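Subject: Structure for you to look over

Dear colleague,

I am passing on the structure we spoke of, and below it you will find an account of what turned up when I went through it. Please read the account with the structure open beside you.

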Amino acid sequence: MALADARAICPDLTTRPADLAAEATALAALRRFTGRYAPLVTVDGADGLMADISGVPHLFGGEAALRDDLQARLERAGLHAQSAIAPTRGAAHALARHGGGILPEGRLLEGLGALPVTALRVDQATAEALSRMGLTRIADLAHLPRAPLARRFGPGLVLRLDQALGAQAEPVAAPPEAPHFGVRMTLPDPIGLQSDVMAGLDRLLDRLCAQLAAHHRGARRLRLDLRRVDRQASQIEIGLARPMRDPARIKALFAKGVEEVDAGFGIDALRLSAPITEPLAPEQIGSTPAHQADALADLLSSLGNRIGFDRVLRLLPSDSLIPERSFTLAPAAYSQPAPSPTHRTRPAILFPPEAVTATGHPPVQFRWRRMQLTTLRATGPERITPEWWLEDPTWRSGLRDYWRIETRQGPRLWLFHTPQNPGWYAQGEFP
Amino acid sequence: MKTLLDPPACPPLGLRPMRVHEAGGRGRRSFALFQAARHPGPLVWITPAHLPEQPLPAGLPMGVAERLHLLRPVGETDLLWCIEEALRSPAVALVIAEPQQPLSLTAGRRLQLAAEAGRTTGLLLIQQDGGSAASETRWQCEPAPGPEDSTLHHWQLNRNKRGTNGDWMLHWDGTTAAFHLVSEAGKRHQPADPAR
């Protein structure tokens, strides 16, 4: 139904745009839940789940009991769902979307016969063509000869019909489970000592790292949930400078967080999970460069966890002639070092432009940071024009003529003059 | 007399390894870059987040920019913690830091122990009169005016716990670790002042 039609029928209708990504996530979560009923569960279209429950119903006391159990649980979770159990995948799909229920083995056609042909998962054009022919129900189709049907409507219709009626096999192809990296531990008695929590963490880490190793992955972020006896929970989250699965090295990073946790009346459950992981192939042990890299990564991790990963930086060259933009400061944990070209015409230390009071061009005498300086030698100018395609408030003053000024007092400074907006500024210092 | 307790000998203008040193004066950053070029391995430069000065990769000595890690902690406590943590790590070759307040003797001593534990060298760029009694050496560095095509530096070694003081005027152009001594001050070959 179009939105305008819906509004015409019900003027007070509240509408919201569909969030497909969130819906897919919710459906994936529901798929994990449905795993309690069957080993093979797959997502069926955008709004359905298909489970192969062969051999399962007796565990729940029969098909009806299984379906009731499922409906009750979904109801309790606040979800309104339709479910159907049928001998074939196509029949279950059709029935679930037209009232739901249970179709016993051998009575497929009786159950499906009354349903419209659109229930057969055929496209809109085929369904319309069928209704023009007067074939509106599945029962009308079932007894027609297959060959003329296929010739007229294409093999898709016949395939769907056969799949619904069981003449064509259609297995439930469940996608492989994405590995879940999480381990938990519940304790018979609550614990409160820091050393006890660390001991528990030790055991969890061993298990989690074994899981990670089995999948050739390393954790990039780890979360430890601690549940207290009074149902309060606290969380410790750490980041790692590079994918890692070495229990001892990860444990050291948790020490500070565990120290700060308030244990209250005691902690009775620990849960350790790795929300973010990255591929980490097994590597040869024993080489010195690897040790050095490990030690540096450990340092960056511990620094980043205390002062923030955005404050542990690395200099990366970037393609611009503007001095401020000729490099970027990138978080060291998320970048690789890159060599940068060296120019003798560039200062070693850069600072935001500071106005200097100067006389002469190039200045003979000037005052910078409360120092009276006299020029000994001036080299330049080097003209740098602003990048007009980028709006930069510090370059509003237009062109810059850069000079290397050596002073009689010692400091070697990088000064620039803005001819379009006369003034002298200091921006850097040479070694 | 040479004993086993003596630290390994270090070349002139070098920093004794596994110790924390101090440099002051207007040329202290140049001195730090000079030392950075002479220490192969990862470098860590710790500056407070509010400091406007930052290194420009194109102007650094060759090979320094890609080895350099900049830490910008907020607050003096975090800064000192960062220095200690970096010194304690065996992976780092040289730790350069710019504390904004004078270090107490305890803090200075702590840093020395951390440097020993991590076999790392530290260099603190201090403000005027911001030295700590625990530092191994203290350098006073000033840029000096010189003739055409020269970059003169006047570096004085004012305090040396295990050796003599010194006074060097040298030409270092800031691109490589190579330098050229202009003159050697007479004091250099004399024994340490016995009154100390």
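To begin at a small detail of chain B, the segment before strand 1 (20–24) of that chain contains B:M18, a residue that has a positive phi of about 65° although it is not a glycine. Most residues other than glycine have a negative phi, and most peptide bonds are trans. Please keep in mind here, and throughout, that this is a predicted model.

Chain A has two departures of the other kind. A cis peptide bond, with omega of about -10°, joins A:H361 and A:P362, and A:P362 is found in the loop between strand 11 and strand 12 (365–368) of chain A. Another cis peptide bond joins A:G380 and A:P381, with omega of about -5°; in this case the proline, A:P381, lies within strand 13 of chain A.

Turning to the contact between the chains, 49 residues come from chain A and 51 residues from chain B. The size of an interface is often given as the accessible area lost when the parts come together. Here the area buried between chain A and chain B is about 4200 Å², and carbon and sulfur atoms give 62% of that area. Of the area that chain A buries against chain B, 15% is supplied by A:R306, A:L315 and A:P431, more than by any other three residues.

As for the polar side of this interface, there are 3 salt bridges between chain A and chain B. In one salt bridge A:R306 is joined to B:D78, and the closest N and O atoms are 2.8 Å apart, so that A:R306 appears both in this pair and among the three residues named above for buried area. Polar contacts between chain A and chain B link 14 residue pairs, counting those with both residues at pLDDT 80 or more.

Which elements of chain A give two or more residues to the side that touches chain B? They are helix 12 (288–307), strand 9 (312–317), strand 10 (327–331), strand 11 (349–359), strand 13 (371–384) and strand 14 (400–407) of chain A, and helix 12 of chain A gives the most, with 9 residues. Sorted by class, the side of chain A that touches chain B has 28 nonpolar, 9 polar and 12 charged residues.

The two chains are also joined through strand pairing. Strand 11 of chain A pairs with strand 3 (residues 54–55) of chain B in the antiparallel sense, over 2 bridges, and within this pairing the bridge partner of A:L350 is B:Q54.

Within chain A there is an open sheet of 4 strands, with antiparallel pairing and the order 5-8-6-7. Its edge strands are strand 5 (182–191) and strand 7 (233–244) of chain A, each of which pairs on one side only, and the twist from one strand to the next averages 15°. Strand 6 (residues 217–228) and strand 7 of chain A pair in the antiparallel sense over 8 bridges, with A:Q235 as the bridge partner of A:D225.

Two helices accompany this sheet. Helix 10 (residues 194–214) of chain A lies across strand 5, strand 6, strand 7 and strand 8 (267–279) of chain A, and runs at about 160° to strand 5. Helix 11 (residues 247–260) of chain A packs on the sheet and touches strand 6, strand 7 and strand 8, its direction making about 145° with that of strand 7 of chain A.

Over all chains the structure holds 44 salt bridges, and one of them is formed by the side chains of A:R220 and A:E278, at 3.2 Å from N to O. Because A:R220 lies in strand 6 and A:E278 in strand 8 of chain A, this pair ties together parts that are 58 residues apart in sequence.

Lastly, strand 1 (residues 40–44) and strand 2 (residues 48–52) of chain A run antiparallel and are joined by 5 bridges, A:V41 having A:A51 as its bridge partner. These two strands form a hairpin with 3 residues between them, and A:G45 in the turn has a positive phi of about 70°.

With best wishes

Notes:
Residues numbered from 1 in each chain as written. Chains lettered and ligands numbered in written order. Heavy atoms only, no water. Contact = heavy atoms within 4.5 Å. Buried area = accessible area lost by both parts, 1.4 Å probe. Salt bridge = Lys/Arg side-chain N within 4 Å of Asp/Glu carboxyl O. Polar contact = N/O pair within 3.5 Å; in protein donor to acceptor, adjacent residues only side chain to side chain. Nonpolar A, V, L, I, M, F, W, Y, C, P; charged D, E, K, R; others polar. Pairing = 2+ DSSP bridges. Axes fitted to C-alpha atoms, helices over the stretch in contact; angles between N-to-C directions.
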